[in-house]
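User: Please take a close look at a single residue of your choice, and show how its surroundings fit into the whole chain. I am new to reading models, so explain each term as you use it.

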Amino acid sequence: MPISNWWNRVISWFQDRNSRNELIRDFNKAARESFVMGLSPVIMEASISKGEPTYRHAFSKTIGGTGFRIKAMTGMQLSKDEIVSLGTTILSNDTLVRRLVVLGWDTLEIHCDTGIYGCRWQLRDYMLLN
């Protein structure tokens with residue numbers, strides 16, 4: 001591989017990494033504001049996780065984690081229905097789902113801050129394609 005191609009790959013990896021970190025910061029800021037304004041019943045915090053290897057797709061990152069994890073900070077265990085409801089709300093935002101996929105995430109994970117219960121979704125299944 002010529003040096004210029006290798007260098008372009010390195011540069012694009014850092015650009016994607018910045019975009020991924022920016023999306024997480026923006027999500028967390030919006031989640032806090034939504035909670036403060038009373039629009040959301042719980043505070044949510046996004047982070048990067050390992051992801052589910054069987055959910056990989058053409059845009060999945062090879063380095064840096066492929067899971068978009070949301071932790072609902074409630075101080076108590078949520079029921080499966082409550083976690084699924086949060087997931088459905090996130091997955092109904094087609095623009096967000098497409099952005100997550102393009103930035104290399106393949107798994108949406110939602111957990112609460114207590115207990116071990118959580119749910120995972122394969123993001124490519126929720127992209128609305130025409």
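Analyst: A residue is called buried when its relative accessible area is under 20%, exposed when it is over 50%, and partly exposed in between, using a 1.4 Å probe and protein chains only. By that rule, 35% of the 130 residues of the protein chain are buried. This is a predicted model, in which local features need a pLDDT of at least 70 and side-chain atom pairs count only at 80 or more, while totals for chains, interfaces and linings use all residues. Residues are numbered from 1 along each chain as its sequence is written, and side-chain values use heavy atoms, with hydrogens and water left out.

The part I have chosen is Arg20, which is found in helix H1, residues 3–36. Helices (H or I, at least four residues) and strands (E, at least two) are DSSP runs numbered from the N terminus. Arg20 counts as buried because its relative accessible area is 4%, whereas Val36, which also lies in helix H1, counts as exposed because its relative accessibility is 72%.

What does the side chain of Arg20 reach? At 2.5 Å it comes to the backbone oxygen of Gly65. Leaving aside residues up to four places away in sequence, Arg20 touches Ile48, Lys61, Gly64, Gly65, Leu103, Gly104 and Trp105, where contact means heavy atoms within 4.5 Å.

Trp105 is also among the residues that Phe68 touches, and the list for Phe68 further includes Leu23, Ile24 and Phe27. Phe68 lies in strand S2, residues 67–73, and is buried because its relative accessibility is 0%. The C-alpha atoms of Phe68 and Gly51 are separated by 7.3 Å, although the two residues are 17 apart along the chain.

Turning to the whole, the protein chain has three helices and four strands, which run α-β-β-α-α-β-β from the N terminus on. Of its contacts between residues at least 6 apart in sequence, 65% join residues at least 24 apart.

A word of care concerns pLDDT, the predictor's confidence in each residue, from 0 to 100. The protein chain averages 85, and 85% of its residues score at least 70, but H1, the helix that holds Arg20, has the lowest mean among the elements, 77, while strand S4 (residues 118–122) has the highest, 95. Where pLDDT is low, the predicted coordinates should not be read in detail.

How values were computed:
A polar contact is a pair of N or O atoms within 3.5 Å; within protein, one must be able to donate a hydrogen and the other to accept it, and residues adjacent in sequence count only if both atoms are side-chain atoms.
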